[in-house]
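Ready to poke around a protein model? Below are a few short exercises, each with a worked solution.

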Amino acid sequence: MSRLEWGRFSMKILALMKYGDKAASTRQRLLQYREHFASQGIEVTFSPLLTNEYLERAYGGNTLPFLSILNAYLTRALVLCNASAFDLIWVHCETFPYMPGSLERLSKLSGKPVVYDFDDAIFHQYDMHPNPVVRHVLGSKLQPLMSGSSLCVCGNAYLKAYADNFARRTVIVPTVLDTAVYKPAPKCRNIRGPLTVGWIGSPSTWSFVLPFVPLLQRLAEELDLVIRIVGAGRPSAMPSRFEFLEWAEDREVALIQGMDIGIMPLPDEPWAKGKCGYKLIQYMACGIPVVASPVGVNAHIVDEGINGHLARDDREWEAAIRRLVTSAELRSAMGERGRNKIVADYSLRTHGPRLAAMLRELVGASSS
């Protein structure tokens, strides 16, 4: 229940996310705001639909037993039925994946304002599904959720353009990070030996890198490079000069700081256009120059020739990597400019207060 306590506005938020904290989007779109919100008198209760075990199994090509998933959906419905104790419902991605859009309306059951947040083009999971039945039944399933929300928080312009068709109010809040945590490696880092070209992601996004493996392998052998791959799992065939490292939250920053050049290849496809460029933001926050495909938000994060390079094909990828590998001065200058951009435009310090103010405004308006 909304209330004024000694002149300080205090409120409670129920955050409904698809996955637990193993999912990067859960951490970056929701969990990382917890401390700042608490300092503003905002309490957030996080309620994931599916457990980390589900995600770990999914990365391994498996799934949870049907009864476990059914229980998760029933628990989600029960949580929504008891959501009136909160001041605001914050939905990330969707409330009931692969269920009809009518169920998404349950997020309005409490009568409290609903904020819908998304950082992937998840609508394409339905409206571009290879199965025509799924496209027909679920192609518009997110529209009731967007139209019923008081605010749609979109990770980039591509997502906002879609939400603008249905939502009464939309705003772009990019995926951000804590620039006090993500920062350049200490000067004493040992930079002797081969340079490291790095990528961080998940088994599901590793497919974006696969077409570039032959090029990266050839350049690694010719230019004496190490290709660091974090979070992709262990491939059946290990390319030479590649190191595949397991992702761990407590080592993530150090793994990135150990890179000299960060890469983010993407195919020019609708799903990829909805990506929010988080790995670019991570690299640049750590003062690392980047090479990326000019797809979607990548072209806004990377300023060509200023903080990195945008490369459309193998020829441009090779030229960009060669240019950075052969000039320590260029890597340093681009890294510094990239770091400055992230601090200014993609930091938790900038967007935490902004997001908190928007949520507070919604609750205030609904209470008046």
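In β9, look for the residue that bridges to Leu195: you should land on Leu225. Keep in mind as you go that this is a predicted model.

**Exercise 1.** Find out which strands are the edge strands of the open sheet of 6 strands.

*Solution.* Start with the order of the strands, which is β10-β9-β8-β11-β12-β13, with parallel pairing. Now check the two ends: β10 (242–245) and β13 (308–310) each pair on one side only, and that makes them the edge strands. As for twist, neighbouring strands of this sheet are turned by 20 degrees against each other on average, ignoring direction.

**Exercise 2.** Work out how many bridges join β8 to β9, and which helix packs on the sheet by touching β8.

*Solution.* Take residues 195–200 for β8 and residues 225–230 for β9; the two run parallel, with 6 bridges between them. Then look for the helix: α13 (residues 278–285) packs on the sheet and touches β8, β11 (261–264) and β12 (290–292). The direction of α13 makes about 145 degrees with that of β8.

**Exercise 3.** Describe how helices α15 and α16 are placed against each other, and what kinds of residues meet there.

*Solution.* First, the axes: those of α15 (residues 314–325) and α16 (residues 328–345) come within 6 Å and cross at roughly 100 degrees. Angles of 65 to 115 degrees count as roughly perpendicular, so that is how α15 and α16 are arranged. Next, the contact: Arg323, Leu324 and Val325 in α15 meet Leu330, Arg331 and Met334 in α16. Sort the residues of this contact and you get 4 nonpolar, no polar and 2 charged.

**Exercise 4.** Classify the ring pair of Trp206 and Phe244, and say whether each residue is buried or exposed.

*Solution.* A search of the whole structure turns up 13 aromatic pairs. In this one, the ring centres of Trp206 and Phe244 are 5.4 Å apart and the planes sit at 85 degrees, so the pair is edge-to-face. Trp206 belongs to the loop between β8 and α10 (213–223) and Phe244 to strand β10, 38 residues apart. For burial, the cut-off is under 20% relative accessible area. Trp206 has 11%, so Trp206 is buried; Phe244 has 5%, so Phe244 is buried.

**Exercise 5.** Now classify the pair of Phe212 and Trp317.

*Solution.* The centres of these rings lie 4.9 Å apart and the planes are at 55 degrees, so Phe212 and Trp317 form a tilted pair. Phe212 is in the loop between β8 and α10 while Trp317 is in helix α15, so the pair ties together parts 105 residues apart in sequence. Both Phe212 and Trp317 are buried.

Key:
Residues are numbered from 1 along each chain as its sequence is written. This is a predicted model: local features need pLDDT of at least 70, side-chain atom pairs count only at pLDDT 80 or more; totals for chains, interfaces and linings use all residues. Side-chain values use heavy atoms; hydrogens and water are left out. Two strands pair if DSSP finds at least two bridges between them. Helices (H or I, at least four residues) and strands (E, at least two) are DSSP runs, numbered from the N terminus. Axes are lines fitted to C-alpha atoms, for helices over the stretch in contact, and angles run from 0 to 180 degrees between N-to-C directions. Contact means heavy atoms within 4.5 Å. Angles under 35 degrees count as roughly parallel, over 145 as roughly antiparallel, 65 to 115 as roughly perpendicular and the rest as oblique. Ala, Val, Leu, Ile, Met, Phe, Trp, Tyr, Cys and Pro count as nonpolar, Asp, Glu, Lys and Arg as charged, and the others, Gly among them, as polar. Rings of Phe, Tyr and Trp (its six-membered ring) pair if their centres lie within 6.5 Å; planes under 30 degrees apart count as stacked, over 60 as edge-to-face and the rest as tilted. Buried means under 20% relative accessible area, exposed over 50%, partly exposed in between (1.4 Å probe, protein chains only).
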